[in-house]
Amino acid sequence: MTRDFGDTDRRSWSPGSAADAPRPVRAYLWEPSTPAAADPPPLLLLSHGTGGSARDLAWLAEALAGAGFLVAGVDHHGNNWVDGYLPEGFAFSWERPRDLGFLLEKLRQERAVGPVGAIGFSLGGYTAAATVGARIAPERFRALALGLVPLPPLPEFPDLLEAMNARYAPEQLESVVEQSGADCSVPDVEAAFLICPGIGALIDEGSLAAVARPVSIHWGGADENAPGPENALHYAGYIPGAEAVCVGEEVGHYLFVDGGAEGEPVRRRVAADAVAFFRRHLAHAAPS
């Protein structure tokens, strides 16, 4: 099921939209597909990777729904292939966990939901971490946004810095820097599962050390887009008690979203690990 919402507390970045146009939040729902599901079912908030879509993670959502979880994913505004790319969607990553918090509130207005977890891939891994307290370090974001340090390669938006400079004057970017370190956690999220999380170098280590909710981190040893030492292991090294699992030294980044038969065993394993993790850490989660 697909739903389209508008967050009136935040504006759309789409060119030509009205100044007060709400931020679009498209949601995908995967209902529990097992008779043993709890009532109300536990809810998992799902965040896709850079430039992707919640549709890319249907393999994961379907496995979780099959285990009795309600799964709700979003297409993050300006950072999904369904609607197209906007520079803010790639640069202002802290808006992503706010999408998940907004969706949670919308769902609660319509139905009862059980305990809540968050799960995401790549930049969605950061998003899931942010729901439990991870924050961007503003001084590091500033250095990237103002071109003071090189921007890492971004295949989906190679001219991001030029696009940002075309839309924002330096003083406007300075204002954005102040927002970048905001706490965007979602208090009701009880546990987070990160798959190949990204932007590890931008994350404030003190915020990771303060995370007090269960976190599990899975990554591939051949990931060149979000290399484990700078990303997954960075998160794991600071989050107290975080689980850290390399799912194979030969496993690359896009194996999790390309749908190929080669990656099927790894995807099945990660989905099974996610089911087990949330059953352990969400109170009254779906039974075995």
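Ala143 is buried, with a relative accessible area of 15%, and this residue of the predicted model belongs to helix 5. Setting aside neighbours up to four places away in sequence, Ala143 is in contact with Leu148 and Val149. Its C-alpha atom lies 9.5 Å from that of Val177, a residue 34 places away in sequence.

Leu148 makes a good next stop. It sits in the loop between helix 5 and helix 6 (160–167). Is Leu148 buried or exposed? With a relative accessible area of 56%, Leu148 is exposed, whereas its partner Ala143 is buried. The cut-offs explain the two labels, because buried means under 20% and exposed means over 50%. Beyond the residues up to four places away, Leu148 touches Arg142 and Ala143. Looking further afield, the C-alpha atoms of Leu148 and Ala72 are separated by 38 Å, with their positions 76 residues apart along the chain.

**Two helix pairs**

Helix 5 (residues 138–145) packs with helix 7 (residues 170–180) at an angle of about 150°, and their axes are 8 Å apart. Angles over 145 degrees count as roughly antiparallel, and helix 5 and helix 7 are therefore roughly antiparallel to each other. The crossing of helix 5 with helix 7 is right-handed. Which residues of helix 5 and helix 7 meet? On the helix 5 side they are Pro138, Phe141, Arg142 and Ala145, and on the helix 7 side Leu173, Glu174, Val176, Val177 and Ser180. By class, the contact of helix 5 with helix 7 holds six nonpolar, one polar and two charged residues. Arg142 takes part in this helix contact and is also one of the residues touched by Leu148.

Helix 1 (residues 58–66) and helix 10 (residues 264–281) form another pair, with axes that come within 9 Å and cross at roughly 45°. Helix 1 and helix 10 are therefore oblique to each other. The crossing of helix 1 and helix 10 is right-handed. Helix 1 contributes Trp59, Leu60, Ala63 and Leu64 to the contact, while helix 10 contributes Arg267, Val270, Ala271, Ala274 and Val275. Sorted by class, the contact of helix 1 with helix 10 has eight nonpolar residues, one charged residue and no polar ones.

The spacing of such contact residues can be read against a general rule. An α-helix has 3.6 residues a turn, so residues three or four places apart point the same way.

Helix 1 also has partners beyond helix 10. Its buried residues are Ala58, Trp59, Leu60, Ala61, Leu64 and Ala65. They pack against strand 2 (22–30), strand 3 (43–47), strand 4 (70–75), strand 7 (116–121), strand 8 (189–195) and helix 10. After helix 1 comes Gly68, with a positive phi near 105°.

**Positive phi and loops**

Most residues other than glycine have a negative phi, and most peptide bonds are trans. Against that background, two residues invite a closer look, and the table sets them side by side.

| Residue | Phi | Location | Relative accessible area |
|---|---|---|---|
| Ser122 | about 60° | loop between strand 7 and helix 4 (123–131) | 8%, buried |
| Ile199 | about 45° | loop between strand 8 and helix 8 (205–209) | 24%, partly exposed |

Ser122 has a positive phi although it is not a glycine, and Ser122 counts as buried. Ile199 likewise has a positive phi without being a glycine, but Ile199 is partly exposed.

Another loop, the one between strand 10 (243–246) and helix 10, holds Gly252. Leaving out residues up to four places away in sequence, Gly252 touches Ala222 and Asp223. Gly252 and Pro229 are 23 residues apart in sequence, and their C-alpha atoms are 14 Å apart.

**Cysteines**

How many disulfides are there? The count comes to zero, where a disulfide would need a pair of cysteine sulfur atoms within 2.5 Å. Cys246 is in no disulfide, and the nearest cysteine sulfur, which belongs to Cys196, is 9.2 Å away. Cys246 is partly exposed, with a relative accessible area of 26%. Cys184, by contrast, counts as buried at 6% relative accessibility.

Terms used
Residues numbered from 1 in each chain as written. Predicted model: local features only at pLDDT ≥ 70, side-chain atom pairs only at ≥ 80, totals over all residues. Heavy atoms only, no water. Axes fitted to C-alpha atoms, helices over the stretch in contact; angles between N-to-C directions. Helix = DSSP H or I, 4+ residues; strand = E, 2+ residues; numbered from the N terminus. Parallel < 35°, antiparallel > 145°, perpendicular 65-115°, else oblique. Left-handed = near helix turned anticlockwise from the far one by under 90°. Contact = heavy atoms within 4.5 Å. Nonpolar A, V, L, I, M, F, W, Y, C, P; charged D, E, K, R; others polar. Buried < 20%, exposed > 50% of the residue type's maximum accessible area, 1.4 Å probe, protein only.
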